[in-house]
Amino acid sequence: MKAVLLDAASLGPDIDLDPLYEQVDELVVHQRSTTHEAQARLTDAEVAIVNKVVLDAATIEALPSLKLICVLATGTNNIDMATARRLGIEVRNVTGYGTASVAQHTLMLLLTLANRLPLYGRDVAAGRWNESPFFCLMDHRTLQLEGKHLAIVGQGELGGRVAQLAEALGMRVTFTARPGNEAQDQRPGLAELAPEVDAISLHCPLNEATHHLVGGDLLARVKPGALLINCARGGIIDEVAALTALREGRLGGLAVDVLPEEPPRDGHPLLDALNEPLNLIVTPHNAWITPEARQNVVTLTANNLSDWKRGQ
């Protein structure tokens, strides 16, 4: 059985691919591939292993030997799933590989916003501490998280781990109703919770129900000074509306690890706003990148290959 890995560079150079080599007769590894290159590289492969390379309908239809697509991620939006189903090509992804890594990153963002680190870091760099009439700076009101209320959207493995970490700090955690299913869900909806919570953390998929879930209407209801964190997918918040709320002081802090277009080659308003004195953090979709999490992607993908070979 021949497998082709199209974008090994997306895993980093320090990851051991031996678990994949052990599952196939031949593994061809490419560091990067375009969609056009993918078609030629997968010509005689039974298995495609891919992270973010787009395999569209035309590409998949041109690969009669292809039987399995292993996605090195949870999201499969880069695969034409309808075409794969029609042609009997199985698609297997991986989940839960980065729970500890992403939860850690989420908590880091929460703590950093609560302590106004972007603002105090800017002040120290500008020499304002040197000029202070007394021993410290206290121009920016910080938030003690103990006793505060956190709303989490997404009660999966990741949301649950974030809840554990937040509760260890003494926070009260409420999981919201599944967006789009509020009427059938006993949990309170985000719009209902917005006026009372001190922080919101998003850990849900991007779909029709969650696109701009945190938009202008909801931001108008949010408790003044609340913190907003998005480590899920770009577009779940209306980033422009959130930036406006931050500038106007209606949000106490905004942190995102994701943007609608990645990488943001044409820029983004949040990136431009990093030059402003705001409690704003933008990280480059790297909540998941601990070595342990990236190696786990390979291990879980090797398990997918093994299960597929055994017909499971």
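In helix α6, which runs over residues 117-125 of this predicted model, the residues Leu119, Tyr120 and Asp123 are buried. Because these three residues cover an arc of only 90° around the axis, they are placed on the same side of α6. The helix is followed by Gly127, a residue whose phi is positive, with a value near 85°. Ala126 has its place in the loop between α6 and β6, the latter being formed by residues 149-153. With a relative accessible area of 57%, Ala126 lies above the cut-off of 50% and therefore counts as exposed. Between the C-alpha atoms of Ala126 and Leu17, which are 109 residues apart along the chain, there is a separation of 46 Å.

The protein as a whole has a secondary structure of twelve helices and eleven strands, and its C-alpha trace spans about 70 × 50 × 35 Å along the principal axes. Of its 312 residues, 49% count as buried. Among the contacts with a separation of 6 or more, 64% are accounted for by residues that stand 24 or more positions apart.

The largest nonpolar core is made up of 65 residues, and those with the most contacts inside this core are Leu42, Val47, Ile49, Leu55 and Ile69. Helix α5, which covers residues 99-114, supplies the largest share of the core, namely seven residues. Apart from this core lies another, of 32 residues, which includes Val214, Ala241, Ala242 and Leu246. The surroundings of Val47 can be described in further detail. When its neighbours within four places in sequence are left aside, Val47 is in contact with Met1, Lys2, Ala3 and Val4, with Leu42, with Leu66, Leu68 and Cys70, and also with Leu305 and Trp308.

A second buried position is offered by strand β9, formed by residues 226-230, in which Asn230 is found. The relative accessible area of Asn230 is 0%, which is under the limit of 20%, and the residue is therefore classed as buried. Once its neighbours within four places in sequence are left aside, the contacts of Asn230 are with Leu202, with Ile236 and Ile237, and with the residues Ala255, Val256, Asp257 and Val258.

Empty space within the model was also examined. Rolling a probe the size of a water molecule over the atoms shows where such space is left. A search of the whole structure finds one cavity of 30 Å³ or more, and the largest cavity holds about 40 Å³ of space. Its lining consists of Thr106, Leu107, Leu110, Leu150, Val162, Ser201 and Ile229. By class, five of these lining residues are nonpolar and two are polar, while no charged residues are found there. Helix α5, already described for its share of the largest nonpolar core, also gives the most to the lining of this cavity, with three residues.

The second largest pocket contains about 340 Å³ of space. It is lined by 19 residues, of which Arg116, Arg141, Gly225, Leu251 and Gly252 are the closest to its centre. When the lining of this pocket is sorted by class, eight residues are nonpolar, six are polar and five are charged.

How values were computed
Residues are numbered from 1 along each chain as its sequence is written. This is a predicted model: local features need pLDDT of at least 70, side-chain atom pairs count only at pLDDT 80 or more; totals for chains, interfaces and linings use all residues. Side-chain values use heavy atoms; hydrogens and water are left out. A nonpolar core is a set of buried Ala, Val, Leu, Ile, Met, Phe, Trp, Tyr and Cys residues joined through side-chain atoms within 4.5 Å. Buried means under 20% relative accessible area, exposed over 50%, partly exposed in between (1.4 Å probe, protein chains only). Helices (H or I, at least four residues) and strands (E, at least two) are DSSP runs, numbered from the N terminus. Contact means heavy atoms within 4.5 Å. On a 1 Å grid over the protein atoms alone, a cavity is a set of points where a 1.4 Å probe fits but cannot get out, and a pocket is an open set with protein on both sides within 12 Å along at least five of seven lines; lining residues have an atom within 4 Å of a point. Grid points are joined across faces, edges and corners, and a volume is the space filled by probe spheres set on the points. Ala, Val, Leu, Ile, Met, Phe, Trp, Tyr, Cys and Pro count as nonpolar, Asp, Glu, Lys and Arg as charged, and the others, Gly among them, as polar. The arc is that of the directions from the helix axis to the C-beta atoms.
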